[in-house]
Structures are given as C-alpha cells and as structure tokens.
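Biologist: Could you zoom in on one part for me, the nonpolar core, and tell me what it is built from and which charged pairs go with the helix that feeds it? Take your time, I'd rather have one long answer than a list.

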Amino acid sequence: MPTSPAASAGAVASPSGSSPASAAASAADPATPSWWESVSQARSRILALASILPPEVSPSVSALADSDRPARALLRSAAAYDALSGALRAGGGADDPACHWLYDTLLSQDPDLRLAALSFLPLLSSLYLLRLPPALPSSLSGFEAVLLAVYSSEAKSRQGKPVLVHVPDLSVPSLYHTPQSSPTSRSPRRPHPPPIPPPPANVVVGVLSPPLEPQAAVKSTKRAGIIGVAFEAYYAKIAQMPPASKVDACNAVAAWAGQYCRCRFELDEELEVEEGDSMGSMSPLSADAENGNGKALEEELAKMRVNGDSSGQNCGKEEEVREARVQLPWELLQPVMRVLGHCLLAPLNPMEVRDAAAEAVRVVYARACHDLVPQAILAARSLIELDKSARKAAKAAAVGASGIMVASGTAGSTASSSRPSSKPNTPSKQRKPDMLLVSK
C-alpha cells in the first residue's frame with residue numbers, strides 16, 4: 001500500500017549530501033518530492049517492473065535501479081522498452097500486471113517516471129483500437145484505465161479551460177496596425193507626455209482543444225477524443241521520448257489510416273515528372289468528354305487521382321486497405337498530425353524515426369484524399385512537401401561534401417606528382433630556420 005509523501009519523508013531519512021535548496025523547495029511545494037524520495041520511488045517502480053517481466057530480461061531491468069538517475073535510465077533503456085512492449089501485446093485486461101504498472105507509474109509525482117510511462121502510450125493506443133470490439137467487456141479494461149489516467153491528468157492541469165491558438169490577422173497591414181482615429185478635442189500640451197504603449201496585435205483566436213469534461217469510462221462516442229487528448233499530452237513531452245516510442249507512434253498512425261494504395265506517392269518527384277510528361281499543356285478533359293460524351297467523361301474521371309492511381313485503376317480494386325483501419329475524426333487526427341510533424345522534421349531524430357513518419361504521413365494523405373477531408377489533405381500535403389525539400393537539401397549537402405573531398409584529394413595527388421623527386425644517394429641540405437627581424 002503506497003504511503004503519503006509525509007509518511008515516506010518521515011520513514012526515510014535524507015542523506016547528508018542533499019542540498020538545502022532541494023529541501024526548501026520540497027517543503028515549499030508538498031507535491032514536488034525531494035531528490036531522495038524521487039530516487040527511492042524510481043527504484044521501487046523499476047524493481048516492480050522487473051518482477052513482472054520474463055526472467056531473461058529481468059536482471060538487466062533491475063540493474064537500472066542502481067544508476068544515479070533511475071527514472072531517466074528507465075526512460076532511455078531499449079531493453080526495458082522492448083520487454084514491457086511485449087508484455088502489453090500479450091495483455092490488456094483488467095488483471096494485466098503491465099497495465100497496472102503503467103497506471104500506478106502515471107500517478108507518480110516524479111516527472112521522469114511519468115515520462116517513462118507516457119512513452120508507451122502510442123503502442124497501447126494502437127493495440128487498443130486494433131482489438132475493438134473486444135471479445136469480453138473486461139478484456140480491454142487495463143488499456144482503458146491507462147488512457148483515462150492520462151485524460152484525467154490532462155483535464156486537471158487545464159482546469160476546465162480550452163487550449164487556444166492566436167493566429168495573426170492577415171487582413172491588416174501589420175501585426176501592430178490600428179486604425180487612426182481623429183481626436184475630438186485637443187488636450188493641453190504637456191512638457192513630458194507619458195510613453196504610449198504599443199497597440200495590441202490583431203489576432204484571430206482559434207480553439208485548438210475544447211474544455212475537457214470528466215470521463216468515468218471510455219464510451220464509443222468519446223473514444224476518439226480521449227485518445228486525442230492522450231496524444232496531446234504525449235506531444236507536449238515528445239522531445240524527451242525515446243526513438244522506439246516515436247517509431248511506434250508513426251506505425252500506429254499509419255495502421256489507423258490503412259490506405260496503402262499508390263495515391264500516397266502522388267506527390268513524390270518521380271510521379272510528378274511522369275504526370276508532367278504525360279499531360280503536358282493539354283486540358284485535363286479530352287474533347288469528347290468536354291462535348292458531353294458520357295462514356296468518355298466516365299473514363300476521364302476514372303483517371304483522376306481522387307479515387308484512382310496514376311495508371312487509371314481504382315485503388316479499391318486492389319487489396320490495399322488494411323484491417324487496422326479505424327475512423328479518424330479531426331479531434332484524433334489533429335494531435336497525431338502534430339506528432340508526425342515532430343517525428344518528420346525535428347533535427348535530432350534518427351533516420352528510422354524520419355522514415356517511419358514519412359511513410360505514415362503519406363498513408364494519411366492517401367486516406368484523406370479518399371475520404372475528402374480538406375484539413376487532413378492540407379496538413380499531410382504540407383508535411384510531405386517539407387519532407388521532400390528537407391531530403392533534397394540533405395542530399396545536395398552530402399553531394400557537395402563528397403565533391404569537396406574528391407577535389408581536395410585530387411589536388412593533393414596532383415601537387416605530390418608535380419613535386420620533383422630527389423635521388424636516394426644525393427644528400428639533401430637541411431634548411432635553415434627563417435629569421436625574423438624585429439625592431440626594438
């Protein structure tokens with residue numbers, strides 16, 4: 001049974017090396033645990049995790065408790081992530097120990113421990129939506145409890161307020177533009193007038209996320225919103241997430257979109273060149289179609305990209321729709337598109353994360369084109385164009401660097417070949433050191 005922070009502080013004495021600043025901070029804010037309490041709690045959670053994992057990986061996970069920062073070591077451990085991911089794939093019910101561990105860790109006061117639990121959210125959400133509808137009502141209760149824990153924490157932190165975004169109004173000349181008003185009466189001249197503050201910027205306020213209502217269960221009408229809020233909490237800490245968690249997030253979004261047809265490649269450069277060569281400067285519709293020929297009009301419309309690929313075949317005729325395809329309302333698609341944007345464009349992400357994000361955003365684009373969702377089409381198309389320009393710039397930089405290396409190597413070999421060779425029997429004179437005249 002977990003004890004309160006006050007009881008644990010009384011039971012465990014702080015070491016002599018703890019700083020007075022940390023003790024004063026913990027005394028001022030009771031919700032923030034001290035350094036020793038955080039380490040003790042992280043060690044206990046790591047040992048609890050090792051007890052539910054298979055014996056072959058349990059010793060390596062238990063060794064993380066002996067590090068200086070156990071929670072951070074748990075967050076960065078690839079072995080612990082793979083082991084707990086395997087446990088989640090095999091569980092999900094009400095009595096699943098992996099879900100119990102995630103739920104208790106999310107309620108921890110240590111931010112690093114919460115990050116370690118939050119890193120499994122993409123995989124858990126993917127498994128949860130993949131197994132719907134459940135065979136038994138309680139077969140997915142463990143996943144739902146973890147999702148509700150993240151949702152409740154986010155709702156508590158927002159305090160019933162919406163998340164707003166301020167977009168500049170482009171109808172005015174500048175951000176600080178205000179209409180000039182003629183004064184009605186002249187005020188007396190003052191020797192030192194007070195400084196005039198800058199006028200407020202003209203902005204358009206948009207609601208990024210509405211106020212969150214408390215939820216006691218994951219209902220079918222609220223499921224997408226709850227998972228979307230969980231991904232918003234994940235996105236707020238995505239810079240600290242391990243690469244394996246980001247890859248799982250990209251794979252989950254691609255599986256939810258499920259549109260693996262050729263439409264996802266229509267914005268790439270190869271297909272754009274083919275389209276330019278085939279279409280030229282001609283009209284999209286032929287003369288027969290423009291004259292009202294119904295059969296010709298149907299053939300021309302079948303060749304367009306909304307419901308077909310570049311060869312004119314309908315994408316629905318091919319087995320390109322996966323079983324994990326789910327409904328993607330905007331309340332779920334908006335936060336996952338922000339996650340894909342970070343995975344695709346963040347400079348510190350490894351190449352495996354960028355490749356997974358590039359594949360996922362193209363699948364989402366194909367799904368949005370088939371479902372005719374304009375917001376998703378705009379977002380996915382923008383990310384694809386940014387990915388193409390980033391990869392083109394990286395390729396040009398790599399080619400330029402290799403060209404410089406080849407040119408420098410060629411110049412060095414040319415200089416060494418043009419240098420006269422000295423005979424081995426001829427002694428070379430030692431050059432005297434250069435003398436510099438310095439005026440005193």
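Modeller: Sure, definition first: a nonpolar core here is a set of buried Ala, Val, Leu, Ile, Met, Phe, Trp, Tyr and Cys residues joined through side-chain atoms within 4.5 Å. Buried means under 20% relative accessible area, exposed means over 50%, and partly exposed is what falls in between, using a 1.4 Å probe and protein chains only. Keep in mind that this is a predicted model, where local features need pLDDT of at least 70 and side-chain atom pairs count only at pLDDT 80 or more, while totals for chains, interfaces and linings use all residues. Residues are numbered from 1 along each chain as its sequence is written, and side-chain values use heavy atoms, with hydrogens and water left out.

Now the core itself. The largest one holds 89 residues, and Leu74, Leu102, Trp256 and Leu340 have the most contacts inside it. Its top contributor is helix α17 (residues 351-371), which puts in eleven residues; helices (H or I, at least four residues) and strands (E, at least two) are DSSP runs, numbered from the N terminus. The core lies between domain 1 (35-164 + 211-237) and domain 2 (242-267 + 325-400), because both of them give residues to it. Those bounds come from an automatic or database domain assignment.

Take Leu102 as a close-up. Setting aside neighbours within four places in sequence, Leu102 is in contact with Leu84, Leu88, Ala117, Phe120, Leu124 and Val146, where contact means heavy atoms within 4.5 Å. A polar residue worth a look is Ser125, in helix α9 (residues 121-130). Ser125 is buried, at 0% relative accessibility. With the neighbours within four places again left out, Ser125 is in contact with Leu147, Ile227, Phe231 and Trp256, and Trp256 is one of the high-contact core residues mentioned above.

Back to helix α17, this time for its charges. A salt bridge is a side-chain nitrogen of Lys or Arg within 4 Å of a carboxyl oxygen of Asp or Glu, and by that rule the count is twelve. One of them pairs Asp371 with Arg325, their closest N and O atoms 3.6 Å apart. This pair links distant parts of the chain: Asp371 sits in helix α17 and Arg325 in the loop between α15 (294-302) and α16 (330-345), 46 residues apart. Asp371 is partly exposed at 37% relative accessible area, and Arg325 is partly exposed too, at 28%.

Arg362 pairs with Asp387, with the closest N and O atoms 3.2 Å apart. Here helix α17, which holds Arg362, is linked to helix α18 (residues 374-418), which holds Asp387, across 25 residues of chain. Both partners are buried, Asp387 with a relative accessible area of 3%.

Asp387 also bridges to Arg391, at 2.8 Å between the closest N and O atoms. Those two are separated by about one helical turn, because they are four residues apart in helix α18. Arg391 is partly exposed, at 34%. Through shared partners, salt bridges join Asp268, Asp355, Arg362, Asp387 and Arg391 into one network.

For context, the chain has 18 helices and two strands, and buried residues make up 35% of its 440 residues.
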